[in-house]
Amino acid sequence: MVPHPADVAVEAWADSREGCLAEAMRGLVESFADIEGARPDDSVTFVVTEESDEEVLVAVLQEVIYQIETFGRLAVDMSIDEPTEFPVERVEARLATVPLETVERIGAMPKAVGTHNLRFGWVDGVWRAQAVVDV
């Protein structure tokens, strides 16, 4: 998490695209909740059909927010199954979740992922993601 006025800026990096998406999701969640020791008791699977890497990042982070707002479920882990054939038309993601009330809140709840300063791609030998989230 990186300080940003009135918002939260999430930055993540990993050796793989899937790992970077998972780290971005975790960065978002850890900006407002202490998930240390949280043990998932449920999961939700969703399909991302966006075309650009940035759109996939936004879709994943928005799904995390949607699960909180709609079902009171908090993502604590994520796995992604990306197709091995091209063209890549869909990404299947699975969020491992816990009830929101079972974790301690330590920050402002996220409301939406912004599109300004949004970045996600392969940079200097590693996948990097950056998103600003309205809180």
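This is a short tour of one predicted model, moving from its nonpolar core to a helix, a group of aromatic rings and a strand.

**The core**

Begin by selecting Leu21, Leu57, Val64, Leu74 and Met78, which touch the most other members of the largest nonpolar core, a set of 43 residues. To see where this core comes from, colour the elements that give two or more residues to it: strand E2 (7-14), helix H1 (17-30), strand E4 (42-48), helix H2 (53-71), strand E5 (73-81), strand E6 (91-99) and strand E10 (126-134). Of these, H2 gives the most, with nine residues.

Next, centre the view on Leu21 and show what surrounds it; setting aside residues up to four places away in sequence, Leu21 touches Val56, Leu57, Val60, Met78, Ile80 and Phe120.

**Helix H2**

Now select H2, a helix of 19 residues that reaches 27 Å from its first C-alpha to its last, close to the 27 Å expected at 1.5 Å a residue. Its buried residues are Val56, Leu57, Val58, Ala59, Val60, Leu61, Glu63, Val64, Ile65, Gln67 and Ile68. While looking along the helix, keep in mind that an α-helix has 3.6 residues a turn, so residues three or four places apart point the same way. Just after H2, select Gly72, whose phi is positive, near 65°.

**The aromatic rings**

Select Phe120, Trp122 and Trp127 together, since ring pairs link these three residues into a cluster. A search of the whole structure finds three aromatic pairs, and one of them joins Phe120 to Trp127 in a tilted arrangement, 5.3 Å centre to centre with 45° between the planes. In the pair formed by Trp122 and Trp127, the ring centres are 6.2 Å apart and the planes lie at 65°, which is over 60 and therefore edge-to-face.

Which of the residues Phe120 and Trp127 are buried? Both are. Trp127 has a relative accessibility of 15% and so counts as buried, whereas Trp122, with a relative accessible area of 51%, is exposed.

**Strand E10**

Finish at Asp134, which is found in strand E10 and is partly exposed, with a relative accessible area of 35%. Draw a distance from its C-alpha atom to that of Ala9, and the two will be seen to be separated by 8.9 Å although the residues are 125 apart along the chain. Then show the contacts of Asp134, which, leaving aside its neighbours within four places in sequence, are Ala6, Asp7, Met109, Pro110, Lys111 and Ala112.

Key: Residues numbered from 1 in each chain as written. Predicted model: local features only at pLDDT ≥ 70, side-chain atom pairs only at ≥ 80, totals over all residues. Heavy atoms only, no water. Core = buried A, V, L, I, M, F, W, Y, C linked by side-chain atoms within 4.5 Å. Buried < 20%, exposed > 50% of the residue type's maximum accessible area, 1.4 Å probe, protein only. Helix = DSSP H or I, 4+ residues; strand = E, 2+ residues; numbered from the N terminus. Contact = heavy atoms within 4.5 Å. Phe/Tyr/Trp six-rings, centres within 6.5 Å; stacked < 30°, edge-to-face > 60°. Expected span 1.5 Å × (residues − 1).
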